[in-house]
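Me: Please take a close look at a single part of this one for me. I'd like the details in one go, with the cut-offs spelled out.

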There are 2 protein chains.
Amino acid sequence: MSEETYDVVVIGAGPGGEAAAGRLSGSGLSVAIVEEHLVGGECSFYGCMPSKALLRPAQAVAEAGRVPGAVAGPLDVAAVLERRDRIVNHLKDAHQVPWLESRGIALRRGRGRIAAPNRVQVGDTTLVARRGVIIATGSLAALPPIDGLAETKPWTNRQATVADAIPASLLVLGGGVIGCEMAQAYQGLGSAVTLLEPGPRLLGREEPFAAEQVEAALRRTGVDVRIEAFAVRVDRDEHGVEVELRDGELLTAGELLVAAGRRPLVDDLGLEAVGLSADGPLQTDVHLQVLGAEGWLYAVGDVNGRALLTHQGKYQGRIAADHLLGLLNTSLVYGGPLSPRVVFTEPQVAAVGHTLDSAQAAGIDARAVDADMNSTAGSSFVGRGEPGTARIVVDENRRVLVGATFTGAEVADFVHAATIAIVGDVAIDRLWHAVPSFPTRSEVWLKLFEAYGL
Amino acid sequence: MSEETYDVVVIGAGPGGEAAAGRLSGSGLSVAIVEEHLVGGECSFYGCMPSKALLRPAQAVAEAGRVPGAVAGPLDVAAVLERRDRIVNHLKDAHQVPWLESRGIALRRGRGRIAAPNRVQVGDTTLVARRGVIIATGSLAALPPIDGLAETKPWTNRQATVADAIPASLLVLGGGVIGCEMAQAYQGLGSAVTLLEPGPRLLGREEPFAAEQVEAALRRTGVDVRIEAFAVRVDRDEHGVEVELRDGELLTAGELLVAAGRRPLVDDLGLEAVGLSADGPLQTDVHLQVLGAEGWLYAVGDVNGRALLTHQGKYQGRIAADHLLGLLNTSLVYGGPLSPRVVFTEPQVAAVGHTLDSAQAAGIDARAVDADMNSTAGSSFVGRGEPGTARIVVDENRRVLVGATFTGAEVADFVHAATIAIVGDVAIDRLWHAVPSFPTRSEVWLKLFEAYGL
């Protein structure tokens, strides 16, 4: 048994852990980061990055096809997969490790377990944390309790994002972000995809029009979308998988992808050693300190359940690091379910803050106004003819934005303007003077304010 | 001689005049709009719209070419020109006129001249304005005093944007926005372009790095860019044009495009009838009322020289209309040289507010920080590998943004977030909590704030 002492020990080298470790080491603290699998985390290897590598080529071809005079060819599937392999660096973290080394962050490979307050065990080594421990272990795909599901060893995001071959047919369980993105990616790459959503619509937390437009786009490219479709039993034989629905219908496919939520990675973390239990996400305060823990313990990223989004994990990592450093401005200001978020399907869905429904449910005197993303002069040239909608949700008492949603081709970066308006608490009567350039598609803001009556 | 009476008479049916007329009629006022040429104005027929139709196809092809797996073909020049013809509706305003009609706005074709305060003459008809007259006559290309230039009848934006054929070679006088855009468009459509800039660099009002990147991109595609190149004499014969430079060098080309600034259209407007003279742009107050004029007279758009940008003309049109309507919130809040603006070359240049130089010249304790547009995860998928830079200019006393510039592929819509931050006067310590989504290119904001030290 050896012992090493650092200012801070971070468990988990995904985006949140890396952000915290980098910020701490950049301020002169000694930091160790513990990683059992790959430095870079789920997002880099099995999440956001490879999924975008699978989705983007078809979207670039589609956009060129919408521009008269620009000639676009078919998709080169082999090149798409090869590029995806480079994006995940063939599942090696050799590109990430030098970043840690350059910052003097000690990487300890293995499973990190909390042995006592401010002490983390990795194999035979005890890492002592003078100032604090940050848990950033993330989440894994949850398997719903469907008869036979676990035994069939279905794909989760871990297999779907890095598959070497495209199955002739794919069943997707779950019509949330991952389910919709992977259904569209695989259909575009040549698979015949069936998407099963147990709820009343896809993308349940987003505006209904966003779900409708994504569903229509999936159907248009041939995805068999089944709404309120409950799988009750799953089998696998040498030909593939068979799924029985509640109404008795049998569906078969070459492969099955489960995209039915995530569970926080708190198992076997040694939480009981600091007075906690491993049931559900770690509860944190606004500085990301774990509530009720002995010692100085923080939790950032998916493991705290606040917002299962890479950028929020990184944000929380920065906040936790700054709090450990004793700085000011270390409270979470804007996060949780209101966080900005993007679904990278085509149409894309980029949203921040409330939907109209969630605002009203929160007791806000909310009013929504909509504009057609194709109503601007700029949409003659970009995203041309692809359906899309912009919506702002206004708090009528305070006359500020509390939510915004943009759908359409290549709208991912539109939401940041709304995020700044919301986080900056800018009155809409002032926003009216923030005049977008002609002919950019940002002029949809004018359409929104006109619709509002400004 | 007949007489017609309206609440408001607008001279010029370009974007500014249309915006004012639409807003006034929407509030129940009777409005006449006078147009000598085409309803829709310079921007719709000879400016922003056709120029983007000429530029965008090559950019869509380039973007597809940057995405591995997306196959892009060559440009179809005939299809580009055909699409451009549809964008300008073959120089007919039949698509714009119904918009006026649907709002009950009376269109009077002909040249409008001010006959007396609140009276406008069009042919044999006098239009009497009960509440006020709005001048929105715009601007025309200025011809610099170069020996022989006027006699050679060179192209201005009016010919370059709507040409039926691509000349084998093209000389462009002036490396501002129009010069750079048209140089790139024509080179991409097959012309051999030479761009002559008399000043020390292209795009003189933008950040130096923006000018350098655009210049490098032009050179890369074969444009012969000449900096500090003064034309002193121009001739034309049956083969084309010949330009003599100050150092004696002779350049020849099939056609010559003059893009050397604009002059306000104040000639023959009858300004002396309301106590004004027609020398230079009309001077206006913050409500767009013309200073020193008898009667109720407003000027919006290029003719007042505040900001020669379509969106600012429309903004001014809204302000003038609201002021005529007696509403609140009718002062220009953010415009003039600080207005947001986009150069639609590749790389695009999207900027708002001050450059570092202009901020320091204005006496602001300004500091600029830069980030590479390719430093985000999102840039693995969009604008991949194309050079680009983001810069924010911060007022160090007030800790707010006073300027921002984004360059790179498809960055036009990035600037609106900065516009909202500036117009909303959002402190940078608050902006730090406006977290962009992963993996969007908007994460360049994080890089900027890290570089700043947040």
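Reply: What follows starts with the chain contact and then moves to some other elements.
This is a predicted model, where local features need pLDDT of at least 70, side-chain atom pairs count only at pLDDT 80 or more, and totals for chains, interfaces and linings use all residues. Residues are numbered from 1 along each chain as its sequence is written, while chains are lettered from A and ligands numbered from 1 in the order in which they are written.

Now the contact itself. Chain A and chain B each put 63 residues into it, with two residues counted as in contact if their C-beta atoms, placed from the backbone, lie within 7 Å. On the chain B side, the elements that supply at least two residues each are α3 (48–66), β3 (70–75), α4 (77–87), α9 (310–324), β18 (341–343), α11 (415–423) and α12 (428–431). These labels come from DSSP runs, numbered from the N terminus: helices are H or I with at least four residues, strands are E with at least two. The top contributor on that side is α3(B), with nine residues. By class, the chain B side splits into 39 nonpolar, 14 polar and 10 charged residues. Here Ala, Val, Leu, Ile, Met, Phe, Trp, Tyr, Cys and Pro count as nonpolar, Asp, Glu, Lys and Arg as charged, and the others, Gly among them, as polar.

How do the two copies line up? Chain B lands on chain A with an RMSD of 0.0 Å after a turn of 180 degrees and a shift of 0.0 Å along the axis, so they are related as by a two-fold rotation axis. The superposition is by least squares on the C-alpha atoms of residues with pLDDT of at least 70 in both. The same surface is used by both copies, as 100% of the contact residues of chain B recur in chain A. Within chain B, the residue whose C-alpha comes closest to the axis is B:Ala417, at 1.9 Å.

The chains also share a strand pairing: β3 (residues 70–75) of chain A runs antiparallel to β3(B) over three bridges, where pairing takes at least two DSSP bridges. In that pairing, A:Ala72 sits opposite B:Ala72.

Next, look at α3 in chain A. This helix covers residues 48–66, so 19 residues, and spans 26 Å from first to last C-alpha, close to the expected 27 Å; the expected span is 1.5 Å times one less than the number of residues. Still, α3(A) bends by about 30 degrees at A:Leu55, with the proline A:Pro57 following within four residues. The bend is the angle between axes fitted to the seven residues ending at a residue and the seven starting there. Of the 19 residues in α3(A), 17 are buried, meaning that 20 or more other C-beta atoms lie within 10 Å of a residue's own (exposed is 12 or fewer, partly exposed is in between, and C-beta atoms are placed from the backbone).

For a look elsewhere in chain B, take strand β10 (residues 192–197): five of its six residues are buried, so it is largely enclosed by the rest of the structure. Strand β9 (residues 169–173) of chain B runs parallel to β10(B), joined by five bridges, and B:Leu170 has B:Val193 as its bridge partner.
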